[in-house]
Amino acid sequence: MYIDFVKNDYSDKSESEAAQHIEQDKIHLGKIIQERIRNEISEIAERWYELDDIGYYKINERFFDLLKEAENLYSFGYYIGTISVIGITSEEFCKYMASKNNIQDTDLKQIDRLKLLKSRNVISRATFRHFNTIRAIRNDCVHFNVNFKRLSQDELKERAIKAINCYKAGLKETISPEELPVDEVLEKLISNTRLSFEDFKLRQRNIYKIKNGIDLKIAPGIKNLSFTSNYYIAEIDITTDLFKEMTLFDIETGGIVVVDLTLPQVKMIEEMLLEVGNVILATLLSRVSSVGQSEEWFLLNIADVYYGHYVI
């Protein structure tokens with residue numbers, strides 16, 4: 001059964017009235033989408049985490065765009081779409097490898113293309129097996145044969161994740177991941193308007209661990225961090241209307257933290273006549289986010305002040 005009726009008929013309205021009604025309907029559609037995602041959020045996250053991680057590739061080719069599309073389809077539970085797109089992207093990748101190695105494969109079927117690439121040592125036997133597995137799964141899906149029609153959702157899911165991970169394994173075996181230029185990659189991530197800040201924080205955390213061995217993740221179960229130390233006041237920003245903050249350097253650990261200030265704390269700092277270069281004995285607090293990292297830092301109290309100008 002298929003039921004549409006997502007759009008209403010506003011032909012009896014004026015153009016401006018119809019536009020207003022349509023905009024209102026779109027807002028309601030947005031709420032339906034939010035509800036659907038909210039109800040399946042744990043399943044979406046679980047499926048996303050099942051995907052193999054193969055690292056960093058700088059080259060900009062269509063088969064990477066298609067891979068991202070297939071991964072999104074799988075994460076949201078669209079398994080037949082996943083299989084179809086992975087079938088396409090595996091063929092695109094093989095055509096790319098053939099062209100790169102000056103091999104004519106214009107009219108070849110995928111199985112013949114794979115055999116040719118293997119015979120020329122462009123792909124390994126393992127990669128041949130990976131891509132041939134994808135080809136078989138994709139053919140069953142596209143032709144929608146009797147056995148494929150009988151597959152349950154769990155069986156479709158199993159074939160979809162197998163197709164994606166076979167593709168990523170063959171890709172990694174054929175084109176090695178590139179050296180990770182951390183600063184360049186993070187700059188591209190933060191400038192990507194389609195990437196949420198929460199997504200950026202997750203990838204930044206993992207990149208630092210893999211590339212630099214710096215583990216930014218705080219142990220699960222810890223909800224807040226609290227530190228008491230001697231802090232050198234590196235900067236005080238309380239004159240702007242946009243933010244009120246103070247940059248502190250931990251003399252004992254060498255760490256730097258930016259503390260968000262409340263209006264009463266701003267008044268307190270003014271009354272205490274604190275200046276850049278002073279040292280304060282203070283307690284700071286930060287909440288730990290779902291990504292396992294500290295978020296905004298807040299000033300709990302100032303126990304003591306050294307009003308001289310401390311030399312770091």
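## Strands around E1

Let's start with one cross-strand contact: Ile-236 sits opposite Met-246 in E2. This comes from a predicted model. The strand pair behind that contact is E1 with E2 (residues 245-250), running antiparallel and joined by six bridges.

E1 (residues 224-237) also pairs with E4 (residues 279-288), again in the antiparallel sense, this time over nine bridges. If you want a spot to click on there, try Tyr-231, whose bridge partner in E4 is Ile-280. As a reminder for reading such strands, side chains in a regular strand alternate between the two faces of the sheet.

## The second largest pocket

Tyr-231 turns up again here, as one of the residues lining the second largest pocket. This pocket holds about 250 Å³ of space. The elements that each give two or more residues to its lining are E1, E2, E3 (256-260) and E5 (294-306). Which element gives the most to the lining? That's E1, with three residues.

The lining also includes Leu-225, Phe-227, Leu-248, Asp-250, Ile-256, Val-257, Leu-284, Ser-294 and Trp-297. By residue class, the lining splits into eight nonpolar, three polar and one charged. Asp-250 is that charged residue, since Asp counts as charged, along with Glu, Lys and Arg.

## Aromatic pairs

Over the whole structure, a search turns up nine aromatic pairs. Take Tyr-57 and Phe-64: their ring centres are 5.2 Å apart and their planes meet at 35 degrees, so this pair is classed as tilted. Are these two rings' residues buried or exposed? Tyr-57 is buried, because its relative accessibility of 12% falls under the 20% cut-off. Phe-64 is buried too, with a relative accessible area of 12%.

Phe-63 and Phe-93 make an edge-to-face pair, at 5.1 Å centre to centre and with 85 degrees between the planes. Phe-63 belongs to helix H3 (residues 62-75) and Phe-93 to helix H4 (residues 79-100), so the pair ties together parts that lie 30 residues apart in sequence. Phe-63 is buried at a relative accessible area of 2%, and Phe-93 counts as buried at 1% relative accessibility.

## One cluster, and a lysine over a ring

The residues of both pairs belong to one aromatic cluster, made up of Tyr-57, Phe-63, Phe-64, Phe-93, Tyr-96, Phe-131 and Tyr-167.

Another ring to look at is Phe-128. Lys-118 lies over the face of Phe-128, at 4.5 Å from the ring centre.

Terms used: Residues numbered from 1 in each chain as written. Predicted model: local features only at pLDDT ≥ 70, side-chain atom pairs only at ≥ 80, totals over all residues. Heavy atoms only, no water. Pairing = 2+ DSSP bridges. Helix = DSSP H or I, 4+ residues; strand = E, 2+ residues; numbered from the N terminus. 1 Å grid on protein atoms, 1.4 Å probe; cavity = no way out; pocket = protein on both sides within 12 Å on 5 of 7 lines; lining within 4 Å. Points joined across faces, edges and corners; volume = space filled by probe spheres on them. Phe/Tyr/Trp six-rings, centres within 6.5 Å; stacked < 30°, edge-to-face > 60°. Buried < 20%, exposed > 50% of the residue type's maximum accessible area, 1.4 Å probe, protein only. Lys NZ or Arg CZ within 6 Å of the ring centre and 35° of its normal.
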